[in-house]
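Visitor: I should like a close look at a single part of this model. Please take one sheet and describe how its strands are arranged and what packs on it.

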Amino acid sequence: MTARYKPYKGPAAGWGALRSVGLAWLDSKQPIKNLRAMLKTNQHGGFDCPGCAWGDSAESAHIKFCENGAKAVNWEATGRAVGADFFARHSVSQLREQSDYWLEYQGRLTEPMRYDRASDHYVPVSWEQAFALIASHLNALESPHQAEFYTSGRASNEAAFLYQLFVRTLGTNNFPDCSNMCHEASGVALDACLGTGKGSVTLADFALADGIFIFGQNPGTNHPRMLEPLKEAVKRGAQVVCFNPLRERGLERFQHPQNPLEMLSNTSSPLNTAFFRPALGGDMAALRGIAKCLWDWEQQALEQGAPAVFDRGFLAEHCHGVESYLALLDDSPWDQITQQSGLSRDEIEQAAQRYRRCERVIICWAMGITQHHHAVATIQEIAHLQMLRGQLGKPGAGLCPVRGHSNVQGDRTMGINERPSGALLDAIERQFAIAVPRQQGHNTVEAINAMLAGQVKVFVALGGNFAQATPDTPRTHQALQRCQLTVQISTKLNRSHLTPGRDALILPCLGRTDIDIQASGPQAVSVEDSFSMIHASYGQLPPLSAQMRSEPAIIAGMAQATLGNRPVQWSELTDDYARIRELISATIPGFENFNQRLAQPGGFHLANPVNSLTWNTPAGKASFSANPLPKVLLHERVLATGQTPDLILQTLRSHDQYNTTIYGLNDRYRGVQGTREVLFINALDIQRLGFVPGQKVDLVALWDDGVDRRVKGFTLLEFDVPPGQAAAYYPETNPLVALDSYGKGSFTPASKFIAVRLEASVADTANQINLALQ
């Protein structure tokens with residue numbers, strides 16, 4: 001495909017979305033089957049979308065999926081298959097030369113395979129042999145802490161519960177998880193402030209809010225079903241205020257594909273009432289500035305006997321540490337706030353006035369906030385802002401971390417947590433009469449370091465693409481290859497399969513779209529969305545191969561081979577998933593009568609204590625934290641290099657992508673076609689650095705450990721990026737993120753703030769982008 005750039009001037013969704021869905025549908029190689037399946041997406045009796053974790057409306061509708069959801073369904077439900085004949089034709093070394101897109105495009109994995117190092121090929125292995133191999137490695141470990149058990153956010157609640165029970169019975173809490181790389185900072189921050197790490201709103205709250213503030217999020221690409229609530233909010237007169245360095249199309253205008261009038265007239269609706277463009281890493285300062293404005297106005301109101309700006313009753317009854325935080329507001333100088341935020345004082349005051357006028361405010365955020373060194377403090381600043389005005393515990397208001405994978409929140413609820421609570425461990429011990437480990441386990445960064453140090457011999461991945469999703473990519477690959485055994489439970493071929501340990505297995509699992517038949521008949525699994533709604537999901541399509549197994553069945557097989565019938569009869573549980581849910585009901589709070597409640601249309605809601613004004617914090621109240629603003633945004637280890645960065649880089653998704661899954665080489669909303677190796681950069685920066693548009697450059701990260709972190713041959717693309725900033729796609733730029741560059745208190749990779757310098761590339765320039773604005 002020829003690489004080219006053509007600025008996109010249309011709205012989000014609309015005709016472009018319909019065309020994209022149609023192409024994905026036809027390319028699936030089984031369009032008629034997939035059309036029937038797509039119509040069952042997010043429907044009662046159907047399956048939960050394998051894409052994002054945005055919630056489903058209670059209203060009935062024939063179509064309850066978005067463009068990216070349709071891509072996810074058709075990508076998973078392809079008619080293309082990858083089996084023994086494919087691996088016989090391609091060695092691992094040959095496959096490493098292919099792109100991530102090409103690897104997954106080959107189709108669904110259909111039979112278990114074992115890596116044969118002598119031939120450099122994967123060869124067939126029976127399920128029984130695979131389970132026996134896993135058991136032999138695990139049982140030979142000197143300590144269970146020499147194994148790591150990774151989890152992707154698409155695993156079901158049933159699979160996650162069995163997985164954590166298997167691993168804790170084995171004797172470790174080593175659960176590196178995809179949430180470590182995205183919203184870990186949200187959980188850490190909210191738990192400290194409010195006593196729970198989850199968001200407090202439901203989808204119904206969006207229809208009641210008169211203010212929706214969005215920080216560091218691109219819903220048009222990452223959560224397209226969010227666009228309709230935003231459009232409706234603007235239409236009814238609510239404030240929708242966006243903070244994002246890039247003017248993402250999914251934050252500007254929306255053309256609803258199911259609205260005949262908009263489609264036929266080619267019109268669209270606005271998605272915001274105000275748009276502010278902070279500096280990368282400057283959101284905390286912007287929030288501090290808004291809070292400082294409110295505090296100034298509150299003091300004036302007190303002096304003048306005017307109506308209060310703060311919710312004084314809420315602060316007095318429900319909050320701890322208020323005075324220390326207000327003193328911090330006084331001590332935060334405006335010149336530091338404006339310098340770090342990248343916004344003028346006037347802009348911050350405008351945002352504060354819009355916030356002040358609202359009675360019911362929801363604040364949303366995503367990885368533009370969480371993937372920074374000071375992310376935990378920034379999210380606490382979001383919570384503090386809501387606490388000042390009592391925007392918690394009432395309809396139409398609250399906090400909304402918008403999560404990615406469709407069950408990343410549910411996995412954590414089920415116990416996938418390297419730092420589990422004592423209450424969870426106590427409940428497991430009571431229910432199963434076993435002693436479980438109390439030692440904290442490894443998160444993702446710690447797991448990679450442990451593998452590099454030779455402290456880990458076995459790595460098991462329940463879904464995902466660990467090799468590409470993680471930071472410092474070459475070091476992660478090296479870490480995996482130092483293991484004695486790597487096990488990948490996967491639906492499709494990806495880069496992680498090509499970084500095997502000394503021994504390696506690929507175990508093909510069913511996806512969300514596949515019919516799952518066990519001894520008692522077709523099975524449902526359950527998932528939890530961003531709003532703590534628990535839904536049932538029933539696969540709709542026959543699996544491509546009888547050798548594919550469900551995730552619960554694979555976990556049970558590993559556990560049975562390793563532990564025998566301890567502490568449960570594993571095979572009996574997977575005969576009927578209702579039995580797994582009975583154990584969840586008896587172990588996890590909030591899941592009482594799980595099977596009965598799951599059968600209800602729409603599922604059921606897990607109550608959040610915040611909404612009953614219950615605070616499970618040490619103080620028994622919502623707690624303020626007096627976090628000073630960073631002295632400088634550049635990390636000390638960047639400063640230690642003695643170099644001044646050319647740019648600050650953020651990594652992001654294309655519109656043809658979901659996490660590390662690349663659906664295609666186009667990014668419609670940013671106008672890029674046929675390539676992913678581009679650097680979005682301001683025209684002034686191209687000139688300042690002595691380059692020309694279309695030139696190819698290498699990106700070199702600044703960090704003080706002497707490692708050359710470099711990605712090569714990226715084409716400079718003049719784009720509406722604030723000066724001094726730049727953006728590029730991940731996972732291609734994950735090699736630039738040092739393993740030690742992570743959030744304080746969260747260990748989340750700081751992928752949204754990478755100090756880089758540019759060097760002219762010696763890469764082949766024959767395929768440069770055609771920059772003609774066609």
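Guide: The following describes one sheet and a helix that packs on it. The model is predicted, so local features need pLDDT of at least 70 and side-chain atom pairs count only at pLDDT 80 or more, while totals for chains, interfaces and linings use all residues. Residues are numbered from 1 along each chain as its sequence is written, and side-chain values use heavy atoms, with hydrogens and water left out.

Six strands form an open sheet in the order S6-S5-S18-S17-S16-S7, and their pairing is mixed. Strands here are DSSP runs (E, at least two residues) and helices are DSSP runs (H or I, at least four residues), both numbered from the N terminus; two strands pair if DSSP finds at least two bridges between them. At the edges stand strand S6 (121–124) and strand S7 (147–151), each of which pairs on one side only. On average, neighbouring strands of this sheet are turned by 20° against each other, direction ignored. Axes are lines fitted to C-alpha atoms, for helices over the stretch in contact, and angles run from 0 to 180 degrees between N-to-C directions.

Within the sheet, strand S17 (residues 485–490) pairs with strand S18 (residues 503–508) in the parallel sense over six bridges. Leu485 has Asp503 in S18 as its bridge partner. Helix H8 (residues 157–170) packs on the sheet and touches both S7 and strand S16 (458–462), where contact means heavy atoms within 4.5 Å. The direction of H8 makes about 170° with that of S7.

Elsewhere, a sheet of three strands has the order S2-S10-S11, open and with mixed pairing. Strand S2 (12–13) and strand S11 (269–270) each have a single partner strand, so one side of each is left without a neighbour in the sheet.
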